[in-house]
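Thanks, everyone. Let's look at one ligand site and then at a bit of the sheet. Here is the model.

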Amino acid sequence: MSNNETNPISMPDFMPLGDLRAMQLRKLQKIIPYEYEHVALFRRRCDEKGVKPRDLVELKDLGKFPFMKKTDLRDEYPLGLTAAPMHDIVRFHCSSGTTGKPICIPSTQNDLDIWSEGAARCLAMFGINADDIVQVSYGYGLFTGGLGAHYGAERLGCAVLPTGAGNTEKQIMLMKDLGVTVIACTPSYFLHLATVAERMGVDFRRDTKLRHGVFGAEPWTDEIRARIEQISGITAHDIYGLTEIAGPGVAGNCPYCHGLHIWEDHFYPEIIDPDTLEVLPDGEEGELVFTTLDRFGTPMIRYRTRDLSRLQTEQCRCGRTMRVMDRVHARSDDMLIIHGVNVFPSQIEACLMKVPEIAPHYQIHLASTDTMDIFELKVEVMPESFSDDVRGMESLRKKVLDAIKQVVGLSPKICLVAPGTLPRSEGKIKRVIDERRK
Ligand code: DLL
């Protein structure tokens, strides 16, 4: 494949490596002093480490600077890490924090443009173009999936059908009637959509023009990918991103290799050992860390994603110079992704603590059918509140469900159990039993 001169979106992908590294250094030498000047937490951490922005002379000097973590965003909630004045901020996105409070990422117009460009470059790499009709079935709103895929597709000149998630039968009808060629959603939602389509007697190959799926927001295996392709006849593409860095479009999988090109002209990757925090050479697996090179609303310097991956050492056959990361299958923290929604056990605990009749003893059970995650929450009731009054227990169950729904946005099956009945080992309850397909 060669650089497609007629498609301006694909131009940076093939940049000579020397130019790319020089550009990254130039951008770092701008964003680090900017962050130092505008974000007190970063300045304090640099001062504590005895490192100054002028110490960044070569790319590898980035390793001298402090990391940022999700808990920093929580502790500085809502705007403590915002570097740009509110005058320049045009949008907020939020994602789950480790406890009840979300994390909040304000963006400037330029930040959004970089993000849309990243998403558009992914779609172009997948073989999608301005002739395509893209149904965006990711959720719209605080979650970055819907708007991220939406603006990326529009940037490429596609026609967008912004259905959002849910109302599945109507989605299938619109997909058929409008001749949708691309669907963007979580892989688990697509499997659900396929089940509903089958129930409606709709065959993707026969009755729709669907040819591409743009899937991400949650880990999905090669087996799920093969299954999606087999039941629908589409090509399933992997798109990666996170709210803190942009949203979908930080990286996307290339048809030429088993991995995802990172748009490292905007998002500089490192891999670290999550225990020693040492930077690992390309080729070794560890935790992905990103520095946003030119997002000025909420710059992230050495942000620990907690996603486990590897930067491949081989140059990709497609000719893109941007490094390739392995698909993300696991995390180095306890964050769960259920129906594409990020959930921390500590968030569940914080919700339960608000219900006085409930003890802080719980167990999250995750299982899966062929197409869906099943989320069940077992909770111990306080001895003084536990009774065989069915009505009373049902209203308590609803109260717990509401508390969870309000914060997490999901409706698990709630099972109230008698005090002391959840199995303990060495006095401890295993918080998460995840028996979903691996
Ligand atoms: O999930 C952004 C996104 C939306 C990406 C739509 C792709 C498609 P967050 O809600 O902040 O943002 O969750 C980010 O989701 O750190 C990963 O653990 C996981 N994740 C995202 N994409 C993938 C993927 C969006 N393609 C967290 N494969 C990340 C595996 C993914 N995990």
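First, a term: a residue belongs to the shell around the ligand if one of its heavy atoms lies within 4 Å of the ligand. Keep in mind that this is a predicted model.

So, which strand gives the most to that shell? Strand 7 does, with 4 residues. It covers 235–241. Helix 5, at 144–155, also supplies at least two residues of the shell.

Now the whole shell. It has 22 residues. The closest are Asp238, Ile239, Thr243, Asp307 and Asn342. By class, the shell divides into 10 nonpolar, 7 polar and 5 charged residues.

On to polar atoms. Threonine 243 puts a polar side-chain atom 2.5 Å from a ligand oxygen. Asparagine 342 also uses its side chain: an N or O atom there is 3.1 Å from an oxygen atom of the ligand. Glutamate 218 works through its backbone, where a polar atom sits 3.4 Å from a ligand nitrogen. And how much of the ligand does the protein bury? Taken alone, the ligand exposes 600 Å², and 98% of that is buried by the protein.

Next, the strands. Strand 3, residues 133–136, runs parallel to strand 4, residues 159–161, with 3 bridges between them. Valine 134 pairs with valine 160 there. Between these two strands the chain passes through helix 5, in a right-handed β-α-β crossover. That is the helix we just met in the ligand shell.

Strand 3 also runs parallel to strand 5, residues 182–185, again through 3 bridges. In strand 5, the partner of valine 134 is valine 182.

That's my tour. Over to you.

Methods
Residues are numbered from 1 along each chain as its sequence is written. This is a predicted model: local features need pLDDT of at least 70, side-chain atom pairs count only at pLDDT 80 or more; totals for chains, interfaces and linings use all residues. Side-chain values use heavy atoms; hydrogens and water are left out. A polar contact is a pair of N or O atoms within 3.5 Å; within protein, one must be able to donate a hydrogen and the other to accept it, and residues adjacent in sequence count only if both atoms are side-chain atoms. Accessible areas come from the Shrake-Rupley method with a 1.4 Å probe; for residues, only the protein chains shown count as cover. Ala, Val, Leu, Ile, Met, Phe, Trp, Tyr, Cys and Pro count as nonpolar, Asp, Glu, Lys and Arg as charged, and the others, Gly among them, as polar. Two strands pair if DSSP finds at least two bridges between them. A crossover is right-handed if, with the strands pointing away from the viewer, the path from the first strand over the helix to the second runs clockwise.
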